[in-house]
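Q: Got a minute to walk me through this one? I'd like the strands, the pockets and any odd backbone spots.

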Amino acid sequence: MEKENPLPSTKRRPGRLAALGAAGAAVSLVSGCAGAGAVAAGGDGTTLVVAIVSNPQMEDAISLRADFAREHPDVNLRFVTLPENEARAKITTSIAAGGGEFDAVMISNYETRMWAENGWLANLQPHIDATEGYDDEDFLEPIREDLSYQGDMYSVPFYGESSFLAYRKDLFEKAGVEMPENPTWSEVADLAAELDGVEEGVAGICLRGLPGWGEVLAPFNSMLNTFGGRWYDRDWNAQLTSPEFRRTAEFYVDLVREHGQPGAANSGFGDCLTHYSQGNAAMWYDATAMVSTVEDPESSKVVGKSGYAPAPVQKTGYGGWLYTWSLAIPASSQHKDAAWDFLSWMTDKEYIRMVGEEYGWQRVPPGSRVSTFENPEYQEAASAYAEPMREGIENADPKNPGTRPVPYTGIGFLAIPEFQDLGTRVSQQLSAAIAGQISVDEALAQSQQYAQSVGDSYKEAQ
């Protein structure tokens with residue numbers, strides 16, 4: 001794809017940030033339902049409608065919006081914040097319809113390349129190249145590559161993540177056990193049994209069980225890859241009833257049912273974040289982005305008590321995933337230049353420094369920029385987890401997610417359009433097994449039918 005004509009150079013704003021005061025009046029916030037789209041804000045002003053996922057890092061961005069308003073007084077921001085599953089569905093429907101409801105959207109490395117190929121997203125590379133000091137080469141290479149199509153970036157990362165295993169060092173000492181340097185899932189299961197109930201109300205481990213392809217399937221798929229499983233063989237034959245897939249499902253379900261948190265079938269990332277940060281779990285395997293809350297004194301009761309081990313493995317040397325929440329501009333937006341001003345504000349180096357100075361360096365959006373990892377203030381605040389986080393991201397290989405060849409790419413997801421529906425359906429079966437409503441065999445038998453239906457469509461296309 002040819003690049004668009006270069007844009008005029010955009011100057012970066014000056015150093016230290018002004019107080020977050022009256023400028024915030026130019027920004028409105030809505031939760032749960034979207035506004036009417038991008039409309040005139042009065043005079044020459046513009047209202048940008050921004051759809052984002054509700055989590056702590058995004059809440060920080062909303063709270064700091066007055067800095068953007070100070071630099072762009074003629075631009076109003078209207079945020080639409082939704083839980084992850086709802087946000088995915090609403091944003092996908094809106095973008096696919098091309099109705100112009102949103103001017104900026106929070107998506108991931110799952111959607112970016114597919115949506116760019118469909119023509120649903122604006123090419124950001126001309127904006128990036130014209131913006132002085134933005135420095136897209138500073139993004140970690142696996143993150144940048146996964147957000148690019150034909151060499152151009154179509155979304156920019158707010159934060160990047162892999163996964164690792166957080167564990168309570170004080171509870172390990174109390175139980176008389178140690179975390180291996182590179183734990184296997186078998187060792188983690190044994191540790192969970194030892195730590196379950198080490199203190200009243202403390203589960204051995206927290207794992208997601210909430211339905212959703214971006215919820216329970218994220219940790220499950222990374223476990224599946226390292227157990228030697230896969231969704232399809234090279235010829236698109238579904239493998240969800242294979243011995244490897246069944247073993248992974250049985251292991252995951254048994255582990256969370258026997259030594260996991262109460263109500264595991266309803267636990268998503270946010271629930272496990274609460275369980276662990278409030279001291280109710282001895283271990284938690286999940287996204288490296290957890291640290292922004294786990295190590296925040298304002299939100300967590302376990303600050304400084306955690307160790308961070310690499311993602312557990314079984315048959316592979318790597319067990320993590322690669323994921324990024326990023327920001328994109330729908331092709332249908334009528335306010336692309338103003339939308340880029342907002343995207344570049346929220347994803348550049350200066351924003352990261354602002355969060356560090358306003359809220360503490362443990363709260364900065366992690367895992368997107370090399371310069372963050374090399375910042376001495378961040379290194380001091382993140383000494384317990386920065387290195388395993390960076391290694392997890394840099395070692396991720398979405399093109400080779402497991403031990404055997406597959407016809408798809410992706411680690412925590414399959415990078416095919418059908419996975420939104422397929423993954424959701426399979427996740428519902430897995431969650432039902434965690435809840436004890438059906439057996440693992442029943443869950444996989446139904447899931448195999450769903451998966452083979454999708455596989456057959458790819459066979460026909462070959």
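A: Sure, a definition to begin: two strands pair if DSSP finds at least two bridges between them. Strands (E, at least two residues) and helices (H or I, at least four) are DSSP runs, numbered from the N terminus. This is a predicted model, where local features need pLDDT of at least 70, side-chain atom pairs count only at pLDDT 80 or more, and totals for chains, interfaces and linings use all residues. Residues are numbered from 1 along each chain as its sequence is written, and side-chain values use heavy atoms, with hydrogens and water left out.

Q: OK, how many bridges join β2 to β4?
A: There are 2 bridges between β2 (residues 46-53) and β4, and the two strands run parallel. V50 sits opposite A104 of β4.

Q: And in which sense do β4 and β11 pair, parallel or antiparallel?
A: Antiparallel, over 4 bridges. Here M106 stands opposite L327 in β11.

Q: How many residues of β4 are buried?
A: 5 of the 5 in β4, residues 104-108. Buried means under 20% relative accessible area, exposed means over 50%, and partly exposed is in between, with a 1.4 Å probe and protein chains only. A104, M106 and S108 point one way from β4, V105 and I107 point the other way, and all are buried.

Q: What about β10, which strand does it pair with?
A: β8 (residues 163-168), antiparallel, over 5 bridges. S306 in β10 is the bridge partner of R168. Of the 5 residues in β10 (306-310), 4 are buried.

Q: Switching to pockets. What volume does the largest pocket have?
A: About 520 Å³. On a 1 Å grid over the protein atoms alone, a pocket is an open set of points with protein on both sides within 12 Å along at least five of seven lines, and lining residues have an atom within 4 Å of a point. Grid points are joined across faces, edges and corners, and the volume is the space filled by probe spheres set on the points.

Q: Which residues are closest to the centre of the largest pocket?
A: E84, R208, E215, F269 and G270, out of 32 that line the largest pocket. α11 gives the largest share of that lining, 6 residues. By class, the lining has 15 nonpolar, 11 polar and 6 charged residues. Ala, Val, Leu, Ile, Met, Phe, Trp, Tyr, Cys and Pro count as nonpolar, Asp, Glu, Lys and Arg as charged, and the others, Gly among them, as polar.

Q: What lines the second largest pocket?
A: 21 residues, with R113, D146, P398, T409 and A415 nearest the centre of the second largest pocket. Its volume is about 430 Å³. α6 gives the most to its lining, 4 residues. The class split there is 11 nonpolar, 3 polar and 7 charged.

Q: Now the backbone. Which residue between α5 and α6 should I look at?
A: D135, in the loop between α5 (125-130) and α6. Phi of D135 is near 60°, a positive value in a residue other than glycine. D135 is partly exposed, with a relative accessible area of 31%.

Q: And W236, buried or exposed?
A: W236 is buried, with a relative accessible area of 6%. W236 is not a glycine either, yet has a positive phi of about 65°. Look for W236 in the loop between α9 (217-226) and α10.

Methods:
On a 1 Å grid over the protein atoms alone, a cavity is a set of points where a 1.4 Å probe fits but cannot get out, and a pocket is an open set with protein on both sides within 12 Å along at least five of seven lines; lining residues have an atom within 4 Å of a point.
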